[in-house]
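Trainee: Please pick one part of this model and go through it closely. I would like the cysteine pairing, with enough of the surroundings to place it.

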Amino acid sequence: MLFFSFVLYNNQCAIHNNIGDIMNTNSVWEKSTEIPKHKTLTKDIKADVCVIGGGMAGLLIAYKLQEKGFDTVVLEAKRIGRGQTKNTTAKITAQHGLKYTNLVNHFGETKAEQYAKANLFAIDEYEKIIKMNNIDCDFCRLPSYLYSLEENNNLIEEYENASKLGIDCYLTDKTGLPFKVRQALVFTRQAQFNPLNFLKVIAEKLNIFENSMVIDVNKNVVKTEKACVEAKHIVFATHYPIVNTRGMYFARMHQSRAYGIAVEGGKSLEGIYYSEDEGGLSLRNYKNYTIIVGEGHITGDNKKGDKFFRLRQRIQQMFPESIEIAHWSAQDTMPIDGVPYIGKYCITTPDWYVATGFGKWGMSSSMVSAMIISDMISGKDNPYSKVFAPARFKSSSADNLCKMGGKAIKGISKEFFSVPKEKFDDIKRGQAGIIQYNGEKVGVYKDHNDNIYMVDVMCTHMGCQLEWNGDEKCWECPCHGSRFSYMGELIDNPAQRHLNNISEKEKITV
């Protein structure tokens, strides 16, 4: 007989502190910036606009609306900038992989040009705001490289399409990377910055409520745990939309994760870099650090937990004298046709707006969202809005939609009717698994002191079976990307509720 101690879920604050300890990840931006706290919404209020979400997109939308004279309120479930914004590589670029070949082929040249101009204008708009507010955020203009280590005709085609759309670009085999590339497509005058230093300043004059999680939205009323906001217009800037019954965004996106490490002792790259090759790396400098991101996967597909290990091995080969100073991970919403959803939430909610599906390009897409949505609310036509319209749907996207829906169906049905093979004895220290317990499937994590943590393994969003992320010691939804700590606390949306813990006595016999 074996005896296991149980640590039960009784205090959310204690659990929140435990997440940082178990995951032990802080981005380079978190290490360099401290953002002042904002008050919690405790009484009902009215506003012209309520923006749900305090990341880069939400705050830029609020900033633009306030500039136009709208009384705007921002609601953030935790702390502003502490969701996905803190984990970005903070490249501000119109170069988004092989984007323009895809856009020309599936959207036509007119909309492809709209996309290009919107993202190029976004860079200029960041620079304008930074200069106007005298923000010290290490903003600088520099070339952006899309590179390949292989013979790649795709880059040539992308160059031809990008040039045709008016983008200043060229092909080269010379880069600042620590390895030789076969070819690279260079966009001139792109940018990078410190996102939290920027966000800290623009937040100073905004009406922000933190620790104010939205639990319901009904017509023009937004309900938090303690109070409500009545607003003429409502903007969902929550990374992933939290309302399922409108817009069907859960069927039009999946989420993916990637892993980042910042090191001292790298090298000056003289640009920002993104690989066209499968499994390639993203790189940039920040002051005397080199930031390397890679080892991406669909959220919910990292049970083994070797992503950081593999990334560290690759960094050691590139920069053998380097010293790691930070590591973290990021999550991206991936739309079916590669274009963000920015605009009206859906046709039945004319006063709701959404900004989501940014792929891996959240910084430029956040500014594009702010420009488009602030214009729409103020009644002004925006020249870039059509290509990003959430209501778009082309027959050419049907196959992708089926694939996206297939991911969700697979996640909901995966192992759904099977009996888990693992038992308590099979789970090693520092690992997790799904077992059959009292006739129910439960997720079990065993820490290094043999404490056992048991949670309901069905996602509180739409009931998909969760999977373990061995790198970050958390449960992830393979359907829509919700994430939960090993103790069941909600980490990332679209879920809005914690997992149920399996209540038991302090000790059980197995």
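Mentor: Relative accessible area is used in three classes: buried is under 20%, exposed is over 50%, and partly exposed is in between (1.4 Å probe, protein chains only). This is a predicted model, in which local features need pLDDT of at least 70 and side-chain atom pairs count only at pLDDT 80 or more, while totals for chains, interfaces and linings use all residues. Residues are numbered from 1 along each chain as its sequence is written, and side-chain values use heavy atoms, with hydrogens and water left out.

On that scale, Cys228 is partly exposed, at 22% relative accessible area. Cys137 is buried, at 1%. The cysteine sulfur closest to that of Cys137 belongs to Cys140, but the separation is 9.6 Å, too far for a bond.

A disulfide is a pair of cysteine sulfur atoms within 2.5 Å, and a search of the whole structure finds one. Its partners are Cys464 and Cys479, with 2.2 Å between the sulfur atoms. The torsion about their S-S bond is about -115 degrees, so this disulfide is left-handed. The link joins distant parts of the chain, 15 residues apart: Cys464 sits in the loop between β21 (452-456) and β22 (467-469), and Cys479 in the loop between β23 (474-476) and β24 (483-485). Both ends are buried: Cys464 has 0% relative accessibility and Cys479 has 3%.

As for the surroundings, the protein chain has 11 helices and 26 strands, taken as DSSP runs (H or I, at least four residues, for helices; E, at least two, for strands) numbered from the N terminus. Of its 510 residues, 58% count as buried. With contact meaning heavy atoms within 4.5 Å, residues 24 or more positions apart account for 72% of the contacts with a separation of 6 or more.

A nonpolar core is a set of buried Ala, Val, Leu, Ile, Met, Phe, Trp, Tyr and Cys residues joined through side-chain atoms within 4.5 Å. The largest one has 77 residues, and Tyr100, Tyr126, Phe193, Phe198 and Phe388 have the most contacts inside it. Helix α5 (residues 109-132) gives the most to this core, with nine residues. Beyond neighbours within four places in sequence, the contacts of Tyr100 include Ala112, Tyr115, Ala116, Leu165 and Phe187. A second, separate core has 27 residues, among them Phe209, Ile234, Tyr240 and Met253.

Phe198 also belongs to helix α7, where Pro195, Leu196, Asn197, Leu199 and Ile202 are likewise buried. Helix α7 (residues 195-202) is mostly covered, with six of eight residues buried, and these pack against α2 (28-32), α3, α5 and α9.

Two of those partners also meet each other. Residues of α3 including Leu60, Ile61 and Leu65 meet residues of α9 including Met363, Met367 and Ile373. By class, this contact has 10 nonpolar, three polar and one charged residues; Ala, Val, Leu, Ile, Met, Phe, Trp, Tyr, Cys and Pro count as nonpolar, Asp, Glu, Lys and Arg as charged, and the others, Gly among them, as polar.

Elsewhere, Pro335 lies in strand β16 (residues 323-335) and is buried, at 10% relative accessible area. Its C-alpha is 5.1 Å from that of Gly357, 22 residues away in sequence.
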